[in-house]
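The exercises below are meant to be worked with the sequence and the coordinates open side by side. Try each task before reading the solution that follows it.

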Amino acid sequence: MMKSIILLSSALMVGPAMAHSNVDGLTVSSESCNIDIQQTLKISPNILEIENNDHQVMQIDQQGRLFINQQEVEVTPAQQTMLMQYADGLRSNMPQVAEIALEGVKIAGVALDEVGSAFGLHNTDSMTRLMDEVSVKINESFYQDGSFVIDQSNFTNIENHFDEQFDQEIERAMEEAVMNSIGSLLVSLGSELLGAGGNMEEFENRMTRMGEQIELKVEAQAHQLEARADALCGSIEQLAQTEKTLQQSLPILKGYDLFAANHH
């Protein structure tokens, strides 16, 4: 599920370049990150809480004190240290899920700019507006009332946003940009055709090379983002192991396991 963010960025990258995006892969977890979120995690400035499916709440404050349904649970100094490490790990890693998703949108923006520059599309307001709406949707999904919140519904909401409707929206935005810039587009294509000496085969080759140059530029950033997601997956898998160790020491936490292995 975590690596689905990378599939999202890839879909956004390919979509503007080809005026069509395939986001079916969003529902497929990466083989290298088979972790799902099964509870609700809320990270606030002073406290971290996990709410399970029965609406029972576990909280860890900044001193490593543990609360279950607002009742403090006595822990040993070693357990308190482990609780603080677990909470610090969640605080430092989980918000990166949203950051990576937003970075994927930026990469899509780069693709739009490259395509627009290559073909002289100056009126790209509709495409820019669509990318802005995506960023707002991601922010609204993960940030609520000054807290970072993550659960399965975050991913479901984002995935639902990138269904066939999004395909249609981005194609429509591309078509609008083309129609609004038809004059400059024809001049650009004419210049490319003249540069090819009127040879249609050479013209096609020039257009192919232009597309490959755009793809290479965008892919470089996408690969960097994927590497970051891989590193995040490793950190989250370590957190999942820490969670298991913590539950073995404090059985009362067994109903609050945030992470679940995904065997699909």
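**Exercise 1. Determine whether Q79 is buried or exposed, and find which residues it touches.**

Solution. In this predicted model, Q79 has a relative accessible area of 12%, and because the cut-off for a buried residue is under 20%, Q79 counts as buried. The next step is to place the residue, and Q79 turns out to lie in helix α2, which spans residues 77-93. Leaving aside residues up to four places away in sequence, Q79 touches L246, S249 and L250.

**Exercise 2. Locate V75, classify its accessibility, and describe its surroundings.**

Solution. V75 is found in the loop that runs between β6 (71-73) and α2 (77-93). Its relative accessible area is 24%, so V75 is partly exposed. Beyond residues up to four places away in sequence, V75 touches L66, Q80, L83 and L250. The contact with L66 can be checked from the other side, since the list for L66 comprises M58, Q59, I60, Q71, E72, V73, V75, L83, L250 and L253, with the same exclusion of residues up to four places away. L66 is also one of the residues that touch the most other members of the largest nonpolar core, a set of 49 residues in which L41, L90, M94 and F259 share that distinction. As a last step, measure from V75 to R65: the two are 10 residues apart in sequence, and their C-alpha atoms are 7.8 Å apart in space.

**Exercise 3. Find the salt bridges of the model, and state how accessible each partner is.**

Solution. Side chains of opposite charge can pair when their charged atoms come close. The structure holds 2 salt bridges. One joins R65 and D61, with the closest N and O atoms 2.6 Å apart; here R65 is partly exposed at 36% relative accessibility, whereas D61 is buried at 8%. The other joins E99 and R228, with the closest N and O atoms 2.7 Å apart. E99 lies in helix α3 (residues 95-119) and R228 in helix α8, so this pair ties together parts that are 129 residues apart in sequence. Both partners are partly exposed, E99 at 34% relative accessibility and R228 at 31%.

**Exercise 4. Examine E243: which side chain of opposite charge is nearest, and which residues does E243 touch?**

Solution. Begin with the position, which is in helix α8 (residues 200-249). E243 is buried yet has no salt bridge, and the nearest side chain of opposite charge, that of K244, is 8.1 Å away. Because a salt bridge requires a side-chain nitrogen of Lys or Arg within 4 Å of a carboxyl oxygen, the separation of 8.1 Å from K244 does not qualify. Not counting residues up to four places away in sequence, E243 touches Y86, Y256, D257, L258 and F259.

**Exercise 5. Compare Q56, H55 and Q70 by their loops, their accessibility and their notable geometry.**

Solution. Q56 lies in the loop between β3 (47-51) and β4 (57-61), and H55 is found in the loop between β3 and β4 as well. Q56 is partly exposed, with a relative accessible area of 32%, while H55 counts as exposed at 59%. Apart from residues up to four places away, Q56 touches I50, E51, N69 and Y256; the C-alpha atoms of Q56 and Y256 are separated by 8.4 Å, although these residues are 200 apart along the chain. For H55 the point to note is the backbone, where phi is near 65°, a positive value in a residue other than glycine. Q70 likewise has a positive phi, of about 70°, without being a glycine; Q70 lies in the loop between β5 (66-68) and β6 and is exposed, at 68% relative accessibility.

**Exercise 6. Decide which stretch should be read with caution.**

Solution. The protein averages a pLDDT of 75, and 61% of the residues score at least 70. Over residues 1-31 the pLDDT is below 50, although this stretch has 82 contacts in the model beyond near neighbours in sequence. Where pLDDT is low, the predicted coordinates should not be read in detail.

Note on methods:
Residues are numbered from 1 along each chain as its sequence is written. This is a predicted model: local features need pLDDT of at least 70, side-chain atom pairs count only at pLDDT 80 or more; totals for chains, interfaces and linings use all residues. Side-chain values use heavy atoms; hydrogens and water are left out. Helices (H or I, at least four residues) and strands (E, at least two) are DSSP runs, numbered from the N terminus. Buried means under 20% relative accessible area, exposed over 50%, partly exposed in between (1.4 Å probe, protein chains only). Lys and Arg count as positive and Asp and Glu as negative; His and the chain ends are not counted. Contact means heavy atoms within 4.5 Å. A nonpolar core is a set of buried Ala, Val, Leu, Ile, Met, Phe, Trp, Tyr and Cys residues joined through side-chain atoms within 4.5 Å. pLDDT is the predictor's confidence in each residue, from 0 to 100.
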